[in-house]
Amino acid sequence: MGFHWHSIFLFLVISVAILRLSHAHSEPQDYVDAHSCLRTLFEVPPLTWDPELAKVAEAWANQRKDCKMIHSGRCGENMAAGPNLNGSFAVQMWMDEKQDYNYGENKCEDGCKCTHYTQAVWKNSQRLGCARVKCDPPDSPCYLVVCNYDPPGNVPGEKPF
């Protein structure tokens, strides 16, 4: 039981640290730092920045000027959209899905999404490339963040870590 509370406490401390970074820009190191900080909780190696994956993410994000989160289907990919969204906050949103993931059963809780979380901490993913673009949906301007991972995660039948 002590390990469980220790993990929750550490997760909360790191979450607060990332939220403090949320005013930072969406530079490559911001994405790498946000991912790596949380991946350490699961003893998963940090990701390295891949400029080619970033180009793919930017090309796809630029096609989504309506801010609709439609996945490209080409690689491991996470997406987030919102006003004033940056890379650090997008990663935090994906990590918030942790509460909806059942590690023992290796699945999302019924009616919940958690595949952004599992991709972000996927043990075999080594490289990361992300982009942030301004888009103009009908209701209000916002930003779209796309991150690509290689090798991709969420392999059926495998656990993320």
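In this predicted model, a convenient place to start is Ala-80, whose bridge partner in strand β6 is Val-145. This pair belongs to the link between strand β2, which covers residues 76–82, and β6. Seven bridges join these two strands, and β2 and β6 run antiparallel.

Strand β6 also pairs with β5, the strand formed by residues 127–135. Here the strands are again antiparallel, and nine bridges hold the pairing. One example can be found at Leu-128, which has Tyr-149 as its bridge partner in β6. The chain passes from β5 to β6 through a hairpin of six residues.

With these partners in view, the setting of β6 itself can be described. The strand spans residues 142–150, and seven of its nine residues are buried, so β6 is largely enclosed by the rest of the structure.

Attention now turns to a pair of helices. Helix α2 (residues 28–39) packs with helix α4 (residues 87–95) at an angle of about 30°, and their axes lie 8 Å apart. Angles under 35 degrees count as roughly parallel, and α2 and α4 are therefore roughly parallel to each other. Their crossing is right-handed. On the α2 side, the contact is made by Asp-30, Tyr-31, Ala-34, His-35 and Leu-38. On the α4 side, Gly-87, Ser-88, Val-91, Trp-94 and Met-95 take part. Taken by character, the residues of this contact between α2 and α4 comprise six nonpolar, three polar and one charged.

Conventions
Residues are numbered from 1 along each chain as its sequence is written. This is a predicted model: local features need pLDDT of at least 70, side-chain atom pairs count only at pLDDT 80 or more; totals for chains, interfaces and linings use all residues. Side-chain values use heavy atoms; hydrogens and water are left out. Axes are lines fitted to C-alpha atoms, for helices over the stretch in contact, and angles run from 0 to 180 degrees between N-to-C directions. Helices (H or I, at least four residues) and strands (E, at least two) are DSSP runs, numbered from the N terminus. Angles under 35 degrees count as roughly parallel, over 145 as roughly antiparallel, 65 to 115 as roughly perpendicular and the rest as oblique. A crossing is left-handed if the near helix is turned anticlockwise from the far one by less than a right angle, and right-handed if clockwise. Contact means heavy atoms within 4.5 Å. Ala, Val, Leu, Ile, Met, Phe, Trp, Tyr, Cys and Pro count as nonpolar, Asp, Glu, Lys and Arg as charged, and the others, Gly among them, as polar. Buried means under 20% relative accessible area, exposed over 50%, partly exposed in between (1.4 Å probe, protein chains only). Two strands pair if DSSP finds at least two bridges between them.
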